[in-house]
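Colleague: I am just starting out with protein models, and I would love a close look at one part of this one. Could you take me through the space inside it, and then through some of the charged contacts?

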Amino acid sequence: MSHGGSRAGTAAAPRTGRGPDDCGSLAGELVDAMALRPWGEVAPSVYETGRLVAAGPLLAGHAERVAFLVRHQRADGAWGPPEGYALVPTLSATDALLATLADEGLPAAARPASAVAAGRGLRALSTLLAAGSAVPDTPAADLIVPALVESINARTSGPDAALSLTHPLSLPTGTDRRRLTAVRAAHAAGTELHPKLAHFGELLDGPAQRWPRPRAAEPTTVGASPAATAAWLATAGPDADARAARVFLDRLISEGGGPVPCPTPITVFERAWVLSWLSRAGIEVRPPEAVLAGLADAVGPAGAATGAGLLPDADTTAVTLYALGRLGRQLDPASLWGYETAEGFCTWPGEDGFSVTTNAHVLDALAQHAVRDPGAASRHRTAIGRLARVLRERQEADGSWRDRWHASPYYATACCVLALAESGPDDDSVDTVGRAVRWVLANQRDDGSWGRWAGTAEETAYALQILLAVPSDEPAVAVAALRGSAYLRADVGRREHPPLWYGKELYCPTTIVRSAVLAASHLVHRRLEHSRGGAHVMTGRQKSAT
């Protein structure tokens with residue numbers, strides 16, 4: 001049995017008897033394999049791996065992590081996705097490679113490549129920081145960016161610097177050191193910090209015993225972050241119970257071959273999203289009883305957390321409730337009321353911003369509860385109407401939605417469209433969904449795919465779910481769906497997808513993405529079945545609800 005997150009773990013035996021639509025058997029294999037990976041599956045992270053290179057050269061897999069960074073550098077010297085999303089991974093990788101130039105533990109043969117990559121990274125950073133574009137709203141960017149700029153400037157100054165800069169790196173427009181300075185000063189003074197900061201513990205200085213760590217995670221992982229865990233281990237005193245944390249990090253490094261993912265563990269997040277996508281599309285899934293029981297147990301008075309080391313949030317809570325409800329484990333959604341605000345629902349109390357996908361998922365959970373429990377309180381019905389109105393009001397002029405937890409508008413739009421389509425839509429919601437469908441039709445690429453920067457299987461899957469969210473006899477919808485399905489056909493078994501989900505940098509929860517692709521492929525197949533039979537078009541999710 002696998003104990004980690006960056007690799008597939010022990011695969012289930014292939015299922016037999018596949019027909020023209022093998023999505024059901026593939027989904028079964030996906031769920032079986034997911035049950036064997038209690039930490040979840042996340043692609044390796046440039047940012048997180050860079051932090052281990054810089055701070056943990058004595059950890060196993062150090063040379064492999066350095067090689068990973070060199071291998072994943074872009075042609076222009078940067079790392080990561082396009083636009084401002086490249087800044088955080090490029091800062092981390094460049095800082096890490098600069099650290100290796102004074103690293104006696106790195107094989108001499110690897111040093112020239114590190115030096116070249118570090119120099120190219122410095123030149124790329126000069127370009128990125130001079131561009132004047134705003135730093136994307138990824139979590140704690142106002143801490144990460146100034147911390148790494150400061151570190152790089154320190155490594156490239158002084159007579160002993162292996163590489164130097166003519167001028168120190170400057171902070172990007174709109175960024176300053178004030179919050180970083182305040183957090184470090186508070187930590188040094190022994191002030192209790194918000195538990196959310198445990199996820200960014202590699203940015204803290206000082207004794208490990210003062211680190212903010214959710215009690216439920218002690219001492220296995222710090223903040224669901226390999227980098228934070230490694231930093232905590234480096235500062236933990238001889239009396240600290242660090243054995244479990246060291247086992248966690250060692251296993252994660254071993255299973256990833258050196259590089260590490262982030263966030264990890266994502267146990268509840270992965271299982272809730274996977275089961276939600278598959279069951280919603282009408283694919284019959286039968287997860288092991290332990291998986292369902294674990295999801296149910298994860299929902300406490302404050303809701304559910306993504307995984308050990310993180311705090312509960314409304315998004316994970318709502319999707320967990322929805323997935324359990326679809327699989328016959330209806331739970332009272334009372335834990336969601338703690339996230340209700342004047343605007344709608346926050347992802348967590350005190351959130352600096354608004355998430356349409358969190359509100360769409362809360363709408364999913366409350367609407368499902370109301371359908372399955374006709375006696376649901378009027379508070380539920382009032383909230384359902386309010387959330388539908390909130391989502392409609394936040395639709396962009398072009399018919400899409402944008403969100404702060406995913407870089408692609410196709411994900412946000414799919415979440416909002418599906419929630420509105422399933423919550424007993426009124427005429428206003430029908431018009432809203434129609435505008436979203438027209439936006440999708442207008443943005444299909446020549447190869448049949450959809451995507452923000454390039455066509456991707458993940459974004460194509462979301463686009464197809466938007467198109468098939470409601471019955472339609474429109475020929476343009478059928479043609480677009482068939483073209484999108486043809487693009488996906490070669491991607492159903494793909495294991496690598498570009499990172500689009502918001503974390504310290506953009507990251508990819510691989511199994512979740514694969515489940516979305518399977519769900520979309522199945523929906524297109526179901527539409528074709530009904531079209532060939534001369535029946536009125538009905539999507540898989542609508543048939544499963546009848």
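How much space lies in the largest cavity?

Modeller: Happy to walk you through it! Please keep in mind that this is a predicted model. The largest cavity holds about 100 Å³ of space, and the structure has 4 cavities of 30 Å³ or more.

Let us look at the walls of that largest cavity. Its lining is made up of Trp273, Ser276, Trp277, Arg280, Ala318, Val319, Tyr322, His361, Asp364, Tyr411, Cys415 and Leu418. You can find these on the structure helix by helix: α10 (267–280), α12 (314–326), α13 (356–372) and α15 (409–422) each bring at least two residues to the lining. The biggest contribution comes from α10, which gives 4 residues. By character, the lining residues divide into 8 nonpolar, 2 polar and 2 charged.

Now for the charged contacts. Across the whole structure, a search finds 21 salt bridges. Let us visit a few of them.

Start with Glu41 and Arg37, which form a salt bridge whose closest N and O atoms are 3.5 Å apart. Are these two partners buried or exposed? Glu41 has a relative accessible area of 4%, so it counts as buried. Arg37 is buried too, because its relative accessible area is 2%, and the cut-off for buried is under 20%.

Next, go to Arg452 and Glu83. Their salt bridge has its closest N and O atoms 2.9 Å apart. This pair links distant parts of the chain, with the two positions 369 residues apart. Arg452 sits in the loop between α16 (427–442) and α17 (457–467), while Glu83 sits in the loop between α3 (62–71) and α4 (87–100). Arg452 has 31% relative accessibility, so it counts as partly exposed. Glu83 is also partly exposed, with a relative accessible area of 47%.

A further salt bridge joins the side chains of Arg402 and Asp398, at 3.4 Å from N to O. Arg402 is partly exposed at a relative accessible area of 41%, and Asp398 counts as partly exposed at 38% relative accessibility. Elsewhere, Glu48, Glu202 and Lys504 are joined into one network by salt bridges that share partners.

To follow all this on screen, you could begin with α10, which gives the most to the lining of the largest cavity, and then turn to the buried residues Glu41 and Arg37.

Terms used: Residues numbered from 1 in each chain as written. Predicted model: local features only at pLDDT ≥ 70, side-chain atom pairs only at ≥ 80, totals over all residues. Heavy atoms only, no water. Salt bridge = Lys/Arg side-chain N within 4 Å of Asp/Glu carboxyl O. Buried < 20%, exposed > 50% of the residue type's maximum accessible area, 1.4 Å probe, protein only. 1 Å grid on protein atoms, 1.4 Å probe; cavity = no way out; pocket = protein on both sides within 12 Å on 5 of 7 lines; lining within 4 Å. Points joined across faces, edges and corners; volume = space filled by probe spheres on them. Nonpolar A, V, L, I, M, F, W, Y, C, P; charged D, E, K, R; others polar.
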